[in-house]
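Visitor: I am new to this structure and should like to understand the terms used to describe it. Would you show it to me, please?

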Amino acid sequence: VSTQSTGENKKLLMKNKCLLMKHKFLLMKHKILLKKKILLENKKLLMKNKCLLMKHKFLLMKHKILLKNKILLEKHKNLLMKNKILLMKNKILLTKNRILLMKIKILLKNKQLLMKNKCLLMKHKFLLMKHKILLKKKILLENKKLLMKNK
């Protein structure tokens with residue numbers, strides 16, 4: 001009975017190791033996909049910044065050409081102000097992105113800790129089961145000794 005239980009325990013242990021490896025692989029895959037997503041979002045923000053920069057340069061050129069015209073000068077100032085607002089909004093979005101990244105890192109750490117707890121729980125259950133088996137063996141051995149003593 002004990003060798004069969006040991007065999008089953010070894011199978012369960014191997015199964016746990018496989019599941020752990022699978023989990024680690026999926027976690028690594030998730031991290032890679034997350035990095036790709038973040039890089040893509042950053043690329044989009046960079047392109048938006050380049051577009052805003054190009055728009056700004058264009059407005060500056062227009063301002064130099066039409067400097068004598070007061071009305072066009074006012075329009076230029078308004079466009080510059082809008083550009084500053086967009087830059088501020090961009091800074092806010094970048095800050096939000098950083099906060100989200102921090103939250104994601106915390107969630108990933110929590111997942112790792114949860115997996116560690118699960119592994120420790122499985123180890124505890126295994127040791128408890130092993131202890132029960134050893135206790136049963138000890139009791140059977142003591143009963144055997146008492147039977148031998150009674151005869």
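**Terms and their grounds**

Guide: Please note that this is a predicted model. Asn-97 lies in helix H2, residues 70-150, and contacts Glu-41 and Asn-42, leaving aside neighbours within four places in sequence.

Visitor: Why is Asn-97 called buried?

Guide: Its relative accessible area is 13%. Buried means under 20%, so Asn-97 is buried.

Visitor: What makes Ile-32 count as partly exposed?

Guide: The relative accessibility of Ile-32 is 44%. Partly exposed lies between the limits of 20% and 50%, and therefore Ile-32 belongs there. Ile-32 sits in helix H1, residues 2-65, and joins Phe-25, Leu-26 and Met-28 in a nonpolar surface patch of about 400 Å². Other residues of H1 are buried, including Leu-27, Leu-34 and Ile-38.

Visitor: What span does H1 have, against the span expected?

Guide: The 64 residues of H1 reach 93 Å from first C-alpha to last, close to the 94 Å expected at 1.5 Å a residue.

Visitor: Why is Cys-51 called exposed?

Guide: Its relative accessible area is 52%. Exposed means over 50%, so Cys-51 is exposed. Cys-119, at 34%, is partly exposed.

Visitor: Why does Cys-119 form no disulfide?

Guide: The closest cysteine sulfur to that of Cys-119 belongs to Cys-18, 13 Å away. A disulfide needs sulfur atoms within 2.5 Å, so this pair is too far apart for a bond. The structure as a whole holds zero disulfides.

Terms used:
Residues numbered from 1 in each chain as written. Predicted model: local features only at pLDDT ≥ 70, side-chain atom pairs only at ≥ 80, totals over all residues. Heavy atoms only, no water. Helix = DSSP H or I, 4+ residues; strand = E, 2+ residues; numbered from the N terminus. Buried < 20%, exposed > 50% of the residue type's maximum accessible area, 1.4 Å probe, protein only. Contact = heavy atoms within 4.5 Å. Patch = residues over 30% accessible without salt bridge, like charges linked within 9 Å, V, L, I, M, F, W, Y side chains within 5 Å. Areas by Shrake-Rupley, 256 points an atom, 1.4 Å probe, with all protein chains shown as cover. Salt bridge = Lys/Arg side-chain N within 4 Å of Asp/Glu carboxyl O. Expected span 1.5 Å × (residues − 1).
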